[in-house]
Number of protein chains: 2
Amino acid sequence: YGGMGGWHANHAVKSDVVNLLGIYDIKKERSELAEKNGIKAYSSFQEVLDDKNIEIVTIATPNDIHKEQTIACLAAGKHVISEKPVTLSSDDLAEMIEAAEKYQRIFTVHQNRRWDIDYLAMKKVYDSSLIGDIFNIESRIHGSRGIPSDWRGMKEYGGGMMFDWGVHLIDQILQIYATEKIVSVYCEFDNITNKEVDDGFKLTLRFDNNARAYIEVGTYNFIPLPRFYIQGTKGTGIITDWREPCHIVECTHWHESEVIPVETAAGLTKTMAPRDEITTRSYDLEKPASDVHDFYRNICDTLEGKAAQFVTHKEMMRVMETMEAAFKSVEHKSVIYFD
Amino acid sequence: YGGMGGWHANHAVKSDVVNLLGIYDIKKERSELAEKNGIKAYSSFQEVLDDKNIEIVTIATPNDIHKEQTIACLAAGKHVISEKPVTLSSDDLAEMIEAAEKYQRIFTVHQNRRWDIDYLAMKKVYDSSLIGDIFNIESRIHGSRGIPSDWRGMKEYGGGMMFDWGVHLIDQILQIYATEKIVSVYCEFDNITNKEVDDGFKLTLRFDNNARAYIEVGTYNFIPLPRFYIQGTKGTGIITDWREPCHIVECTHWHESEVIPVETAAGLTKTMAPRDEITTRSYDLEKPASDVHDFYRNICDTLEGKAAQFVTHKEMMRVMETMEAAFKSVEHKSVIYFD
């Protein structure tokens, strides 16, 4: 009933598809807070497993114990939604998937950032032909508070920004470049405020259509760079902040009759002079609509056989393998070849 | 008497330290234009070499013939200023340096971008302790016209954006991180509008103080990203456009009493919430003063034994070796270890 645990409980209460039976938290003050809010607090994890009325368990605990708890829930006949990262290695994830298949239960991960409107706008630009063929997407999340001071800063609990924000941003990029293979992975970690785990990283993915994704997370960026930047053969798109619309500059005519050079202190440049409004067209895209409750709606539809699971095992595994390649790239200080 | 040749001629006319004796251009219409402008046009390169009144020759020709012309001028007793890139390989540069030593003449390269006020502001931030220890500098030049359609797009003449803008941006970064060794070089080339040479690139340099420089040139960026971005342990600096001042956000107090989470479509985040004005201080730096004529003033002072050459042989070689490592990184798709 902490950060994301509380988020799930609050959203379940507001939901039109699921009912909240209760929460379990190892911290006594959180159980008390839940009960004060009219929510049943289970007294042990075993009590949760034993309650036959519970159909779905959402696990929002430190990252290193998702696996053990997930498999216990699946074995007790519960469907399981794990918070991200679903676990810390592809081997562990394979065991979890195996358990889900063995016990015939739904097992998925809460990739809530698939409902972020900035991501949805970027995906729309990619899927449309608004700015031609996309060859570069840059996805940045910049904060300036360092890494959170709890278990998120500790390696043994699966801390670090790759497992925290990286898992979202990689999932988004793999959803956008959905049909492309990853050719190579190159990653650099930062350790500015924390030496034990990455408090930021810079990750380059190359896809087999020669397109590229660059993902960056930083927690010591007192001035944020734009959230998304996307380049196509016929224009560029930008989203400065995740609440802002996507701004597009389309190239309507490649050739210009006259180029006015831009003057700098120490020289002129025609190559880098900005284009005028005769050869380009600028506009904002309408912000996409989004409802994060669709996540639980999909789980319920999947349970009833009316839909396929929104975040699939294959997608979960692909994100995990990409993160593993990133860790390997950092360890070996080299480019890792993939797929 | 073309792009940069014309630039040198015009600046020499305005200069307080050098006199323009004349120009030589293989294109007849340019010679005619020069004469119309009251400038003597030599009829052959040999005539230039033979004129005993010429002390200094500035070479602004396609990149592949700088070496041959430089050595011919040095052998004829002229001091030589080559346009950038000084040549296409470190072996060629070594021969040029050897010739300068043999004939005891000044030989340097026109790194005019050392007078750009954006670069000077960034260097000031690095050299001061305004935002603590610097661990990341990002230097971007974004245009949207593709690569120029002349020899700059052809490999045999030394075309491509690495040799065009890269040589400036690398020189600037190596001037900023002046005392640090380069640990590794990683580069990716783009070929969006031109397949033969890079029409943009992304280059990461790691230095032995664990700091990093990222240099990017693009010619298909219809929305430019900021020119400079610099991160220190106590703040961040940004220069949006080369004519804009450097904006600084300093962190005055690391810890905050209360963090207001930022809401996005699909969740909250405290880690990525912006800071308030109680724990930070924002301001613009005054734009540095700059006079590109100092380049020729330094050459004259060097000639008179009153100063050391501003752009040294060692610096020229270091930039060339960095570019070679970048080309090697692209060829092998790998990280190249340096120094």
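Reader: Start with A:Phe163. Buried or exposed?
Author: A:Phe163 is buried, at 8% relative accessibility. Buried means under 20% relative accessible area, exposed means over 50%, and partly exposed is in between, with a 1.4 Å probe and protein chains only.

Reader: And A:Phe327, what's its relative accessible area?
Author: A:Phe327 has 29%, which makes this residue partly exposed.

Reader: What should I know about the model and the numbering?
Author: The model is predicted, so local features need pLDDT of at least 70 and side-chain atom pairs count only at pLDDT 80 or more, while totals for chains, interfaces and linings use all residues; side-chain values use heavy atoms, with hydrogens and water left out. Residues are numbered from 1 along each chain as its sequence is written, and chains are lettered from A and ligands numbered from 1 in the order in which they are written.

Reader: Back to rings. How many aromatic pairs over all chains?
Author: The count is 22 over all chains. Rings of Phe, Tyr and Trp (its six-membered ring) pair if their centres lie within 6.5 Å; planes under 30 degrees apart are stacked, over 60 edge-to-face, and the rest tilted.

Reader: Which kind of pair do A:Phe163 and A:Phe327 make?
Author: A tilted one, because the planes are at 40°, with the ring centres 5.2 Å apart. A:Phe163 belongs to helix H7 (residues 161-176) of chain A and A:Phe327 to helix H9 (residues 313-332) of chain A, so far along the chain that 164 residues separate them. Helices (H or I, at least four residues) and strands (E, at least two) are DSSP runs numbered from the N terminus.

Reader: Chain B now. How are B:Trp165 and B:Trp242 arranged?
Author: Their ring planes are at 35° and their centres 5.6 Å apart, so this pair is tilted. B:Trp165 is in helix H7 (residues 161-176) of chain B, and B:Trp242 is in the loop between strand E9 (235-239) and strand E10 (247-251) of chain B, so the pair ties together parts 77 residues apart in sequence. B:Trp165 and B:Trp242 are buried.

Reader: Which residues form a ring cluster in chain A?
Author: A:Trp115, A:Phe295, A:Tyr296 and A:Phe310 are linked by ring pairs into a cluster.

Reader: What sits over the ring of B:Phe310?
Author: The charged end of B:Arg114, 5.3 Å from the ring centre. The criterion is NZ of Lys or CZ of Arg within 6 Å of the ring centre and within 35 degrees of the ring normal. In chain A, A:Arg227 lies over the face of A:Phe228, 4.2 Å from the ring centre.

Reader: Which residue does A:Arg227 bridge to?
Author: A:Asp118, in a salt bridge whose closest N and O atoms are 2.9 Å apart. A salt bridge is a side-chain nitrogen of Lys or Arg within 4 Å of a carboxyl oxygen of Asp or Glu. A:Arg227 is in the loop between strand E7 (212-218) and strand E8 (228-232) of chain A, whereas A:Asp118 is in helix H6 (residues 117-127) of chain A, 109 residues apart. A:Arg227 is buried at 3% relative accessible area, and A:Asp118 is buried at 0% relative accessibility.

Reader: How many salt bridges over all chains? And how many across the interface?
Author: There are 47 over all chains. Six cross the interface of chain A and chain B.

Reader: What's one that crosses?
Author: A:Glu188 meets B:Arg212 at 2.9 Å, N to O. A:Glu188 is in strand E5 (residues 182-190) of chain A and B:Arg212 in strand E7 (residues 212-218) of chain B. A:Glu188 is buried at 7% relative accessibility, and B:Arg212 is buried with a relative accessible area of 3%. Within chain A, shared partners join A:Glu138, A:Arg140, A:Asp190, A:Lys202 and A:Glu216 into one salt-bridge network. Another interface bridge pairs B:Glu188 with A:Arg212, closest N and O atoms 2.9 Å apart.

Reader: How much area is buried between chain A and chain B?
Author: About 5900 Å², 59% of it from carbon and sulfur atoms. That is the accessible area (1.4 Å probe) the two parts lose on being put together, summed over both. A:Arg145, A:Phe222 and A:Met272 supply 15% of what chain A buries against chain B, more than any other three residues. The contact (heavy atoms within 4.5 Å) takes 77 residues from chain A and 77 residues from chain B.

Reader: Last one. What rotation superposes chain A on chain B?
Author: A rotation of 180° with 0.0 Å of shift along its axis, at RMSD 0.0 Å. The two copies are thus related as by a two-fold rotation axis. The same surface serves both copies, since 100% of the contact residues of chain A recur in chain B. The fit is by least squares on C-alpha atoms of residues with pLDDT of at least 70 in both copies.
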